[in-house]
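Hi,

Here is the structure I said I would pass on. Have a look first, and then read my notes underneath.

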Amino acid sequence: MMDSTQERLATGKKVNSALDNPTNFFTAASLSGRAADIGTLLDAMSNGIRTIEAADNGLTSITKAIESMQSTLRQARQDNSFKTESYTLNMADTPAGTEVLNFAGGALPDGTDYDVDLTASRSELAAGAFTPAGVDLSDPGDTIGFDIAVHGGDPVSISITNADITSPGAVADPTAVTADEIAAIINAKLDNAGVAATATVNGGDLVLTTDDFAGSSSSAIEISNYAETTTAGTTGIADGTGTAIGTRARTVDDMVTAINANADLDGFVRASNDNGKLRIENRSTTDMTLTGLTNGEITGGIGQSDIEGNDVRASLARQFNELRTELDRLSEDASFNGVNLLRGDQLKIVFNESGTSTIEIQAKNSKGEARAINVANLGLLELNAEDLDLNTDIDGLLSNLQNALNEVRAQASDLGSTLSVVQNREDFTKRMINTLETGAANLTLADTNEESANLLALQTRQQLSQTALSLASQADQAVLRLFG
């Protein structure tokens, strides 16, 4: 019994072999074996957590890079330090012909140039004999209608009805509509339609004239589709094309209006009056060339002048590209132990000893498709300086960046959720191992206090036995001495 107790104290177990307690021994061995098997998975879980954290670190830095790219584009959007040049407009009072100022380069389409006339023409179209008494608009359905086009623009429909007649004389006599009233009505409708023409009365005839210095130098003024639906009379405005009645040089203010109203130059060039000089602003990051100068003055000649591009926006385009390159570097460097989730690698973590509980981790897009996190997949293209010429283009780039940022944030959220799952599973596994080992220990470990007490009791019994045996031996010897 002392040997058995000493063994229990030496090993700390009360069941050291199947002979001691077969049930407890094998049950404890099974629990310890499972704990050991699960314990081997902890390292993989720990490495998985570090891999996810590395990817999350990369996404955090990528998010900052995209936000810096947004800041760069917003700075470009707010920058208006476009280069300007001011020119003296030196045109003869009576130009020899149609002189132009030519614009090329800058933000204009490659290989394309546009002319703005330095002169403006007037055109006149007489309506023919107009007899006021021959026009009757007394019925609500009576109309006079025609289409008018000036300076090569689209035709605009003008219609005069019974409701337009407001003169006192016409109230009493609907046929008493004067040419002056018709002209006033037409002028009001032309103004409302934005048509640069004016109706006047000359000797009873209604005359249409293009406004002085308006639009281009084209002399065209055309009336078409003239029709009358009246109770009586068919005379009035006739279809026809106007005749040029003169050409004059445009003033600085005329040129400002013509350049800023030119649809082909809208957003690319802006003109203004600089104390009597024509200021031209190149709204681009690349140089723009003006043709039509002589000795630095705008004359319609063959001389040229260059206006530099916006170097601030060009510099911001370079900064954007540097941040774009850094984004890809961050994605490539976010690896752990050779696994990079941002590069598209797949990470598989096993949670139990049988391999039936696993998780597969991989970067995916919003559609659930596996995809690496890089500038190509995020749609962040390299910029040229001219990509920042137009504010509308910058707005489009900012929209693309926001979409990329949303995708990165969604990926970070997904990885964060996955990290929580793995960390929770790691904590669960540790607690499970502790439970299994505790259960095995409860089946096999000895109570050292109890075994120590038993050993002390056994040692005391042994000493008492030895003392008793010694006393008995002494008693026997005393008896023998009596007979000695």
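I started with helix H5 (residues 252–260), which lies across S12 and S13 and runs at about 165° to S12. Bear in mind throughout that this is a predicted model.

The two strands under that helix belong to an open sheet of three, ordered S1-S13-S12, with antiparallel pairing. Strand S1 (84–87) and strand S12 (269–274) are the edges, each pairing on one side only. From one strand to the next, the twist averages 25°. Between S12 and strand S13 (residues 277–282), which run antiparallel, there are six bridges. One pairing to look up there is Asp 274, whose bridge partner in S13 is Lys 277.

Next, helix H4 (residues 179–193). Its 15 residues should span 21 Å at 1.5 Å a residue, and the end C-alpha atoms are indeed 21 Å apart, so the two agree. Its buried residues are Ala 179, Glu 181, Ile 182, Ala 183, Ile 185, Ile 186, Asn 187 and Leu 190. What do the buried residues of H4 pack against? They pack against four strands: S5 (143–150), S6 (156–161), S7 (197–202) and S8 (205–210). Right after H4 comes Gly 194, with a positive phi near 75°.

Last, a single residue in helix H2 (residues 22–78): Thr 51. Thr 51 counts as buried because its relative accessibility is 3%, and the cut-off for buried is under 20%. Setting aside neighbours within four places in sequence, Thr 51 is in contact with Phe 336, Val 339, Leu 341 and Leu 347.

Cheers

How values were computed. Residues are numbered from 1 along each chain as its sequence is written. This is a predicted model: local features need pLDDT of at least 70, side-chain atom pairs count only at pLDDT 80 or more; totals for chains, interfaces and linings use all residues. Side-chain values use heavy atoms; hydrogens and water are left out. Buried means under 20% relative accessible area, exposed over 50%, partly exposed in between (1.4 Å probe, protein chains only). Contact means heavy atoms within 4.5 Å. Two strands pair if DSSP finds at least two bridges between them. Axes are lines fitted to C-alpha atoms, for helices over the stretch in contact, and angles run from 0 to 180 degrees between N-to-C directions. The expected span of a helix is 1.5 Å times one less than its number of residues.
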